[in-house]
Amino acid sequence: MKRVARVAALAGKGVLAALLALLLIYDGYILIAKASGVRAPTVFGFATAAVATGSMAPAIDAGDLIVTRAQDGYAVGDIVTYLALDGTSTTHRIVAVSGETYTMQGDANTAPDPAVGEDAIVGKVVCALPGLGAAVTFLQSPAGLCIAAAAGVGLWLLIDLLSGLVKREKVKE
């Protein structure tokens with residue numbers, strides 16, 4: 001039992017350290033990419049975004065986390081994220097295609113958006129995770145990073161405490 005507890009504690013610490021390291025590396029990469037002028041940073045070809053409005057409801061709601069991936073082409077009906085000339089990111093459905101120009105419109109909107117070229121499209125939405133956008137946005141903030149780090153340290157200490165209790169019980173026996 002002592003060996004199992006030691007292995008479980010070691011595995012827990014390893015997983016915790018890996019998750020915190022990945023979170024910090026990802027956040028650092030995104031911050032550096034944005035500071036370097038990259039309009040839509042990607043990791044292995046995927047980009048993520050937290051949905052801020054309900055313009056795509058009921059397909060995608062405000063607060064959802066979307067994952068996009070660039071495609072070779074896009075068709076009417078695809079939900080895509082694109083960058084407007086002012087730099088804002090919008091996720092809407094393609095309602096018309098004319099050559100390399102695309103017209104998008106939110107499912108909950110009554111009017112289409114101004115047409116954009118294919119070079120403005122970040123990618124097609126391949127996954128929408130309900131409600132996770134708010135959590136990811138928070139974790140990318142300075143306060144969120146501090147809380148995640150504090151929670152990681154707290155869990156690390158809890159694992160140490162529990163493994164110490166198991167050691168003491170074995171010594172008493």
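Start with the lining of the largest pocket in this predicted model: it splits into 18 nonpolar, 12 polar and three charged residues. The pocket itself comes to about 760 Å³, while the second largest has a volume of about 310 Å³. There's also one aromatic pair to look at, plus an arginine, Arg69, whose charged end sits over a ring.

**Largest pocket**
- In total, 33 residues line this pocket, with Lys34, Thr48, Ala49, Ala50 and Ser89 nearest its centre.
- Two or more lining residues come from each of α1 (2-35), β1 (46-50), β2 (65-69), β3 (79-83), β4 (89-98) and α2 (132-139).

**Second largest pocket**
- This one, at about 310 Å³, has 13 lining residues, and Leu19, Leu22, Leu23, Tyr26 and Asp27 are the closest to its centre.
- Here the elements giving two or more residues to the lining are α1 and α2, and α1 supplies the largest share with seven.
- By residue class, the lining of the second largest pocket has 10 nonpolar, two polar and one charged.

**Ring contacts**
- Which way do the rings of Tyr74 and Tyr102 face each other? Their planes are at 85°, past the 60 degree cut-off, so the pair counts as edge-to-face, with ring centres 6.2 Å apart.
- Tyr74 is in the loop between β2 and β3 and Tyr102 is in strand β5 (residues 101-105), so the pair links distant parts of the chain, 28 residues apart.
- Both of these tyrosines, Tyr74 and Tyr102, are buried.
- Over at Phe46, the charged end of Arg69 sits over the ring, 4.6 Å from the ring centre.

How values were computed
Residues are numbered from 1 along each chain as its sequence is written. This is a predicted model: local features need pLDDT of at least 70, side-chain atom pairs count only at pLDDT 80 or more; totals for chains, interfaces and linings use all residues. Side-chain values use heavy atoms; hydrogens and water are left out. On a 1 Å grid over the protein atoms alone, a cavity is a set of points where a 1.4 Å probe fits but cannot get out, and a pocket is an open set with protein on both sides within 12 Å along at least five of seven lines; lining residues have an atom within 4 Å of a point. Grid points are joined across faces, edges and corners, and a volume is the space filled by probe spheres set on the points. Helices (H or I, at least four residues) and strands (E, at least two) are DSSP runs, numbered from the N terminus. Ala, Val, Leu, Ile, Met, Phe, Trp, Tyr, Cys and Pro count as nonpolar, Asp, Glu, Lys and Arg as charged, and the others, Gly among them, as polar. Rings of Phe, Tyr and Trp (its six-membered ring) pair if their centres lie within 6.5 Å; planes under 30 degrees apart count as stacked, over 60 as edge-to-face and the rest as tilted. Buried means under 20% relative accessible area, exposed over 50%, partly exposed in between (1.4 Å probe, protein chains only). A charge sits over a ring if NZ of Lys or CZ of Arg is within 6 Å of the ring centre and within 35 degrees of the ring normal.
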